[in-house]
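Visitor: I would like a close look at a single part of this model. Please take the strand pairing, then set it beside the helix packing and the charged pairs.

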Amino acid sequence: MSEDGMDEVLAEVGPRLRRIRKERGATLAGLSEATGISVSTLSRLESGLRKPSLELLLPIARAHEVALDELVGAPPVRDPRVRAEPIVRHGRTYWPLTRQPGGLQAYKVLVPRRQEEPEPRVHEGYEWLYVLSGRLRIVLGEHDVVLAAGEAAEFDTRVPHWFGSTGEGPAEFLSLFGPQGERMHVRAKPKRS
């Protein structure tokens with residue numbers, strides 16, 4: 001939130017405090033007694049002459065039996081669903097699972113069944129893959145491995161790498177990618193023997 005946006009939110013707190021207090025039929029003296037906050041401080045909060053702080057707002061919220069959000073006027077929570085259109089590149093389909101550019105990015109990827117010659121590449125970052133269905137071939141440095149559904153891999157993308165179909169069928173997987181140094185901190189659960 002910008003500084004202007006923050007100032008605007010704080011400016012609306014005082015009138016909101018006054019409105020809620022009056023709706024509940026409370027006086028400044030009664031609210032002071034219930035919260036332990038002086039009448040003059042409560043009056044300055046309501047008139048906007050005193051900046052609200054958590055130490056002041058929490059007892060007021062408790063006294064009025066309202067959520068802190070109701071006093072502050074927090075913005076509504078937006079719809080959490082990500083509705084990005086699939087992207088097709090080099091025969092692969094990518095569904096973006098994150099909205100914000102930069103930072104950690106998540107994708108669901110479908111690699112079609114097709115035999116390809118690996119062409120390892122390098123770039124800055126760190127990647128984590130989790131296979132949802134099918135079998136995914138990964139070439140990483142001198143390693144050439146196949147991951148089955150339920151298996152995961154993580155690696156530094158500065159190591160030459162490539163992933164694609166084994167040629168047996170399509171593979172669907174989740175990919176989390178972050179800038180260099182931003183590790184996923186997710187580990188596959190070891191298989192029990």
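Guide: What follows starts with the sheet, then moves to two helices and the salt bridges.

This is a predicted model, so to speak of local features needs pLDDT of at least 70, side-chain atom pairs count only at pLDDT 80 or more, and totals for chains, interfaces and linings use all residues. Residues are numbered from 1 along each chain as its sequence is written, and side-chain values use heavy atoms, with hydrogens and water left out.

Start with the sheet. Three strands form an open sheet in the order E6-E5-E8, with antiparallel pairing. E6 and E8 stand at the edges, each with a single partner strand, so one side of each has no neighbour in the sheet. From one strand to the next, the twist averages 20°. Strands (E, at least two residues) and helices (H or I, at least four) are DSSP runs, numbered from the N terminus. Two strands pair if DSSP finds at least two bridges between them.

Now the pairs of strands. Strand E5 (residues 135-140) and strand E6 (residues 143-148) are antiparallel and share six bridges. Val-139 stands opposite Asp-144 in E6. Two residues lie between the strands in the hairpin of E5 and E6, where Gly-141 takes a positive phi near 60°. On the E8 side, five bridges join E5 to strand E8 (residues 161-165), again antiparallel. Val-139 stands opposite Trp-162 in E8. The bridge partner of Ile-138 in E8 is Phe-163. In a regular strand the side chains alternate between the two faces of the sheet.

Next, the helices. Helix H2 (residues 28-35) and helix H3 (residues 39-47) have axes that come within 9 Å and cross at roughly 115°. Axes are lines fitted to C-alpha atoms, for helices over the stretch in contact, and angles run from 0 to 180 degrees between N-to-C directions. H2 and H3 are therefore roughly perpendicular to each other; that class covers 65 to 115 degrees, with under 35 roughly parallel, over 145 roughly antiparallel and the rest oblique. Contact means heavy atoms within 4.5 Å. On the H2 side, Leu-28, Ala-29, Leu-31, Ser-32 and Thr-35 meet residues of H3. Their counterparts in H3 are Val-39, Leu-42, Ser-43 and Glu-46.

Last, the charges. A search of the whole structure finds 13 salt bridges, each a side-chain nitrogen of Lys or Arg within 4 Å of a carboxyl oxygen of Asp or Glu. One of them joins Glu-23 and Arg-19 at 3.0 Å, N to O. These two sit four residues apart in helix H1 (residues 3-23), so about one helical turn separates Glu-23 and Arg-19. Glu-23 is exposed, at 52% relative accessible area, and Arg-19 is partly exposed, at 40%. Buried means under 20%, exposed over 50%, partly exposed in between (1.4 Å probe, protein chains only).

Another bridge links Arg-114 with Glu-116, the closest N and O atoms being 3.6 Å apart. Arg-114 is partly exposed, with 32% relative accessibility. Glu-116 is partly exposed too, with 22%. Arg-121 forms a salt bridge with Glu-119, with 3.5 Å between the closest N and O atoms. Arg-121 is exposed, its relative accessible area being 56%. Salt bridges that share partners also join Arg-18, Arg-21 and Glu-46 into one network. Glu-46 has appeared already, among the H3 residues that meet H2.
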